[in-house]
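Biologist: Before we discuss individual positions, please show me the model and its sequence. I should then like to put several questions about it.

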Amino acid sequence: MSTPLEDLVRVVSAARDQAKTLLTALEQQGHPETSRSSALYLALVSLRKRLTKEAPPVSAVVVELEQILTLCEGKLARIKPDIEDGLRIARGG
């Protein structure tokens with residue numbers, strides 16, 4: 001059985017990997033959402049790093065995931081379910 005932190009790291013890692021794949025595709029197309037995709041990817045990389053190194057307070061993780069969720073529009077909407085799962089885990093539900 002895994003801990004909520006392990007579940008959160010797994011969900012954030014999956015979202016990060018998906019964001020990287022999408023970023024690469026958008027960069028190759030010269031798509032206008034490339035900069036937002038890059039911001040989403042970097043935010044997920046940063047959050048995952050903090051989760052694995054320092055286990056930040058849950059309240060901070062919730063706020064950060066809520067901010068990341070605002071980037072999940074247009075082509076980036078496919079990452080939204082992973083972020084919502086992360087929010088659910090971080091909120092303890």
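Biologist: In which helix is the place of Asp 7?

Modeller: This is a predicted model, and what follows should be read as such. Leaving aside neighbours within four places in sequence, Asp 7 is in contact with Ser 2 and Ile 89. The place of Asp 7 itself is in helix α1.

Biologist: Does Asp 7 count as buried or exposed?

Modeller: The cut-off for a buried residue is under 20% relative accessible area. The relative accessibility of Asp 7 is 17%, so Asp 7 counts as buried.

Biologist: Which side chain does a polar contact of 3.0 Å join to that of Asp 7?

Modeller: A polar contact requires a pair of N or O atoms within 3.5 Å. At 3.0 Å, the side chain of Asp 7 has such a contact with that of Arg 10.

Biologist: How far apart are the end C-alpha atoms of helix α2?

Modeller: Helix α2 comprises 20 residues, from 34 to 53. At 1.5 Å a residue, α2 should span 28 Å. The model agrees with this, since the end C-alpha atoms of α2 are 28 Å apart.

Biologist: Within what arc do the buried residues of α2 fall?

Modeller: The buried residues of α2 are Thr 34, Ser 37, Leu 40, Tyr 41, Leu 44, Leu 47 and Leu 51. Seen down the axis of α2, they line one face of the helix, because they fall within an arc of 160°.

Biologist: Which exposed residues does the face of α2 turned away from its buried side carry?

Modeller: The buried side of α2 is covered by elements that include α1, α3 and α4. The face turned away from that side carries the exposed residues Ser 35, Leu 42, Lys 49 and Lys 53.

Biologist: Which helix gives the most residues to the largest nonpolar core?

Modeller: This core has 26 residues, and among those touching the most other members are Leu 40, Leu 44 and Leu 51. At least two residues of the core come from each of α1, α2, α3 and α4. With 9 residues, the helix that gives the most is α1.

Biologist: Which residue just after α2 takes a positive phi?

Modeller: The residue is found in the loop between α2 and α3. Its relative accessible area of 45% makes it partly exposed. Although not a glycine, the residue with a positive phi of about 45° is Ala 55.

Key: Residues numbered from 1 in each chain as written. Predicted model: local features only at pLDDT ≥ 70, side-chain atom pairs only at ≥ 80, totals over all residues. Heavy atoms only, no water. Helix = DSSP H or I, 4+ residues; strand = E, 2+ residues; numbered from the N terminus. Expected span 1.5 Å × (residues − 1). Buried < 20%, exposed > 50% of the residue type's maximum accessible area, 1.4 Å probe, protein only. Arc of directions from axis to C-beta. Contact = heavy atoms within 4.5 Å. Polar contact = N/O pair within 3.5 Å; in protein donor to acceptor, adjacent residues only side chain to side chain. Core = buried A, V, L, I, M, F, W, Y, C linked by side-chain atoms within 4.5 Å.
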